[in-house]
Each structure stands twice: as C-alpha cells, then as structure tokens.
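These are my notes from a session with one structure, set down in the order in which I looked things up. I begin with charged side chains, then turn to the rings, the domains and a single residue.

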Amino acid sequence: MLDGFVPWPVEFASRYRSLGYWRGETLDAALRRYGSAFGDSAAVVDSDRSWTYSELDAEVDHYAAGLHALGIRPRDRVVVQLPNRGEFIAVMYALLRVGAIPVFALPAHRAAEITHFVDSTDAVAYVTADVIDGFDHRELARAVRGQTGNLRHVIIFGDAAEFIPLDSLRQQPIEHPTADPSDVAILLLSGGTTGLPKFVARTHDDWAYSGRAVAAACSYDATTRHMVCLPLGHNWTLTHGLLATFDVGGTLILAESPDPGITFDLIERHRVTDTGLVPGVALVWVELAPGGSADLSSLRRVVIGGSKLPLELARRVEPALGCQLHQAFGMAEGLCGFQDSDEDLETRLHAQGRPVSPDDELLIVDHYGNPVPAGEIGELLTRGPYTVRGYFRGGVHNRTSFTDNGFYRTGDLVRLLPNGQVVFEGRVKDQINRGGEKIAAEEVENHLLAHPAVRDAALIGVPDEILGERSCAVLVPHGAAPEQPEIARFLTERGIAAYKIPDLIRIADTLPRTAIGKVDKKKLRQEEVTR
Ligand code: AMP
C-alpha cells in the first residue's frame, strides 16, 4: 500500500469484494478491456480529433513507454494540470499503466497551489500545457520549479520551450508490471476547510466501482454521448463523465469551456445526450438556449450539482433546454448521489440525489453526534465502498474529519427524504462554495494576513444569485485600508487561483468573537446580508 493511505478495515474490504463492488481490476486493465470490447467505437472526441477505444488504448501504450523511459516508476506521484483534451485522458491512463499516481490539479491553480501539490505528495513530475485560457503555464512551471526541490521533470503539451514535449513521450510500447487494484490509483484534491488543501487517495477498486455505480444510476449505455465541459481534473467530471461513459462503451465529448458559444455547437454536431453542469453555468445555458439557433434536441439529461441549485432556476431548466433535469451531489472523498429518469418532477426539482451504492451508509447527526429524528436537518456522516477512511497523509486532520468508526464528516447539513433522496441545506464547515468551486476560508485568510496593511482577516460567503455564494473578506487594517484591486494584486502575486480572490472587501475596526474567542462568522454573515 502507498505510504500515507488509510485502508478500509479488513472486514469491510472483504464485504465489498464479496458483494462484487471491488472487482480486483486496475483502471488501466479496464481500459485494455474496453479496447477489445468496444474497439472501433468512438471513445473520446475533442476540439482537434477523436480516438476509438482501441486507438486510445494504443496511444496509452506509447505514452506509458515514454514515461517509463523518463524514469517514472510505480507509485511515483505526477501532478497533471491539462485542459479538456484527449491528451488529458491518454496521460492519465498512461500514468496508471506505468503504476504511477496522477495528482489532479485544475487549470485555474497557480504557483502557490501547484507547489503545495508537488511538495505534499512528493511528486516527481508535473504535466501541463503551454497555454490554458490565455495563461502561460510554462511560466507557472518555472515558478514551481524554483520553489520545490522534488520535481525532476516538467512535461508540456504544446510548445514545450525548455521543458519536455509531451509528444516526445510517444515511444515504442513495452510491458509494465500490473499494479495492485486495492492500492492507490489517483490523488484528488479535497474541497477542504483547512489552511492547505488535502488529498484524497482513491484506489483502483473503489474509484472504478463509483464510475460503474454512476453509470447504472444514470442508465448509461453504448448510445450515451456525454459532454464534459467543466474541468476534467475533478472527481465529478471524472466519474460521471469519463469512468461512467467508458464503462458502457459510450462516447466522451470534451469541451474546453462551458460557454454556450462552444458547447451548444458541440451538442448539435456530436448529438450529445448527457452532460454535467454547475448552477452558474446552467443559468447561462437556460438564458441563451431558447433564443439560440443550435439544435439541442439530442440532450436526454442535464445533471446539475457541485453547489445547491436554486429552485427558481431548477424550474427553468426543462422548458429551456428541452431535456430532463437531474440533480446530483458528490465529493472527492467519495459519496455521490444521482437521480433516475423515473423520479417525479417535484423530487428532481427539490432534492439533490440518492446515493449510488446500496452500501452507502448515511448518518445524519446533531451537534453532539446523535442521530436526528427522521426527516430533520443534521450533519451528514458517511462511509461505504467508495468513500475514503482518511485523507492521504492526513495526520491530525483524520481525527477530526472522520469518526472513530470510519464515517467521513462531510460538513454538509442535509435532510433525508422518505424516498432516500438527500436535500442539501447548508454547511457546518468553514468553506465557501463559489458556484461549485470550493474555497477554504482559512487558506485565503492566511494569505490576507501576509499583507502588510492587514492586521486581522475573516473570509465569509455571502449569498449570490448566480454563484450561490460569493466571497467577502472582512479586514481589520493596520492603518489605511487596502482596497479590492490592491488585495487582488497582492493575492495574485502570491500565486493563488483567481477564484479564491475575495469578490468583496469590507473594513472593520475589530472582528466579532464568539464566547470561546473564535471569529463569529455567523454574525459577520448576518451583518453582510442585512447591509
Ligand atoms: P468537491 O469535493 O469539490 O466535489 O466538493 C464536495 C462538496 O460540494 C460537498 O461536500 C457539498 O458541500 C458540495 N456539493 C456538491 N454537490 C452539491 C449539491 N448538489 N448541492 C449542494 N452542495 C453540493
């Protein structure tokens, strides 16, 4: 087992195996199987080209040979930050074929985050593209290289400058030893509430099962044509998009942006049947689809999740897009829930989904950890065949984020409906959900406190019609108060992703405190809402 991974207790592991959830097949072996089972069917279509299942499998062999030649070995960690292109998928599977572990970063991450990912996972290589969304990632690679000691290789998709061109890794295939399916396959970033993001280690067995369970929950079959238009390096897009679609031999269409100017055309051209959106993107689609000329009639389902879908927006989805609205929820730590086509409209409008495995255990507890009466709101705790038992190298955090008997404390306030659907009602954890992008308040507060004019800082979420929440920094200055553009400049220079930069700045003389001296964020939020 990879050092730092928290395994399931033996009795649970045997149960999950005997029930057929864990099949003892690596993700890379599954791709090999798809290569022969679905051979000539289209596996991936991106803005440039397409790959059949057998072409993809062969492509992965070439890249795996090049990665091996570079010295990438089993269990080596490799940070992957690529756009939604076929190369993302080829690199992911090539790393798995070598036995190495992809660590997924999002295109929005900058030097502070990538350096942390490299350092905290001891990554030996970093794979990114020359330019993503107008930002030069070679500059980013130079900054990361200057700040971290471990990184041996930087591999660039596109114009590589002084780095290793991804293309040069396409070499003559070789044999690779098979990895242990119960060992760690990938590292996902947790949404997180602590100073620095933590990593979620998912095994071949558990992650593959979640993909299969999602495919079943969404009734996928070989006619499924799923478009991924949110970043691929996220558990939701990877399981609901890639793993579930490949499991049934469907086709994955990759869009580099959710912008209707790009996606509506792709839906029409590739007869897309399924896609996943966050509420902010859904709003733009709902506004633009009715007046547009694109033919969206191939869409069967649009799945919306990542943050709470406002009811008024939910009601507009089906009339505007002409397909079924399904809500979903999920977390990098594992648990996810979807809806099926038989669900009545009221449920699909009001609830966020039903867990995909019969062995997902859900407890809804009060402040003291006691189960709440049926139907009441409490914090969701969960364990099951694809929910981790601890963070990778989680240390003390594992004691607070997981119970003694292995339940993950999600920090989500939910209510369970009699039909098994989960309704999300809010959060107990200190995290802002900005349109699906999670911001750990503490991480940003630490950066704010580094500003010479900031004496104290608190980051809170305030309601926003489009994003669900926007971030607001309440600052206690030393002297002259810094304004938003100055804070934005300072945080950008510190190399943090743009979505973490506070949308609003408020200035205060002091921060309100609770009885035990914590910053009273509830009060700050109330003040902000009633302004
Ligand atoms: P991540 O690990 O980035 O996928 O974030 C997981 C968190 O996103 C969950 O713990 C929830 O707080 C939030 N989340 C995901 N889906 C939904 C949804 N449909 N409604 C409300 N919150 C959601």
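**Entry 1: charged pairs**

I started in helix H6 (residues 137–147), where Glu 139 and Arg 142 are three residues apart and are therefore separated by about one helical turn. I kept in mind throughout that this is a predicted model. Glu 139 forms a salt bridge with Arg 142, and the closest N and O atoms of the two are 2.8 Å apart. I then looked up how open the two residues are: Glu 139 is partly exposed, with a relative accessible area of 46%, and Arg 142 is partly exposed as well, at 31%.

Next I turned to Asp 503 and Arg 434, whose side chains meet in a salt bridge with an N to O distance of 2.8 Å. Asp 503 lies in the loop between helix H15 (484–493) and strand S28 (504–507), while Arg 434 belongs to strand S24 (residues 431–434), so this pair ties together parts that are 69 residues apart in sequence. For burial I noted that Asp 503 has a relative accessibility of 21% and counts as partly exposed, whereas Arg 434, with a relative accessible area of 18%, is buried. The two values fall on either side of the cut-off, because buried means under 20% relative accessible area.

After that pair I followed a set of salt bridges that share partners, and found that they join Asp 28, Arg 32, Asp 57, Asp 61 and Arg 97 into one network. Within this set I examined Asp 57 and Arg 32, whose side chains meet in a salt bridge at 3.1 Å, N to O. This pair links distant parts of the chain, since Asp 57 is in helix H3 (residues 53–70) and Arg 32 is in helix H2 (residues 27–37), 25 residues apart. Asp 57 counts as buried at 9% relative accessibility, whereas Arg 32 is partly exposed, with a relative accessible area of 38%. For the whole model I recorded a count of 38 salt bridges.

**Entry 2: aromatic rings**

How many aromatic pairs does the model hold? The count comes to 20 aromatic pairs. I took up Phe 12 and Tyr 16, whose ring centres are 6.2 Å apart with the planes at 55°, so the pair is tilted. Both residues lie in helix H1 (residues 10–18), four residues apart, which is about one turn of the helix. Phe 12 and Tyr 16 are both buried. Tyr 16 also pairs with Tyr 21, and I noted this aromatic pair as tilted too, with 6.3 Å centre to centre and 45° between the planes. The relative accessibility of Tyr 16 is 1%, and Tyr 21 is buried with a relative accessible area of 9%. Following the ring pairs outward, I arrived at a cluster that links Phe 5, Trp 8, Phe 12, Tyr 16, Tyr 21, Trp 22, Tyr 209 and Tyr 386.

I also looked for charges over rings. Arg 110 lies over the face of Phe 135, at 3.6 Å from the ring centre, and the charged end of Lys 198 sits over the ring of Tyr 391, at 4.7 Å from its centre.

**Entry 3: domains**

I then noted the division of the protein into domain 1 (26–35 + 52–180), domain 2 (207–427) and domain 3 (431–529). The centres of domain 1 and domain 2, taken over C-alpha atoms, are separated by 27 Å. Their contact takes 21 residues from domain 1 and 23 residues from domain 2. Between them the two domains bury about 1,700 Å², of which 67% is on carbon and sulfur atoms. I found a count of two salt bridges between domain 1 and domain 2. I also looked at Asp 122 and Arg 393, whose side chains meet in a salt bridge at 3.0 Å, N to O.

**Entry 4: Ile 439**

Is Ile 439 buried or exposed? At 0% relative accessibility, Ile 439 counts as buried, and I located this residue in strand S25 (residues 437–440). Leaving aside neighbours within four places in sequence, I listed the residues in contact with Ile 439, among them Ile 432, Arg 434, Val 444, Leu 459 and Tyr 499. Arg 434 is also the salt-bridge partner of Asp 503 from my first entry. Lastly, I checked Ile 439 against Ala 201, 238 residues apart along the chain, and found their C-alpha atoms separated by 20 Å.

Technical notes: Residues numbered from 1 in each chain as written. Predicted model: local features only at pLDDT ≥ 70, side-chain atom pairs only at ≥ 80, totals over all residues. Heavy atoms only, no water. Phe/Tyr/Trp six-rings, centres within 6.5 Å; stacked < 30°, edge-to-face > 60°. Helix = DSSP H or I, 4+ residues; strand = E, 2+ residues; numbered from the N terminus. Buried < 20%, exposed > 50% of the residue type's maximum accessible area, 1.4 Å probe, protein only. Lys NZ or Arg CZ within 6 Å of the ring centre and 35° of its normal. Domains from an automatic or database assignment. Contact = heavy atoms within 4.5 Å. Buried area = accessible area lost by both parts, 1.4 Å probe. Salt bridge = Lys/Arg side-chain N within 4 Å of Asp/Glu carboxyl O.
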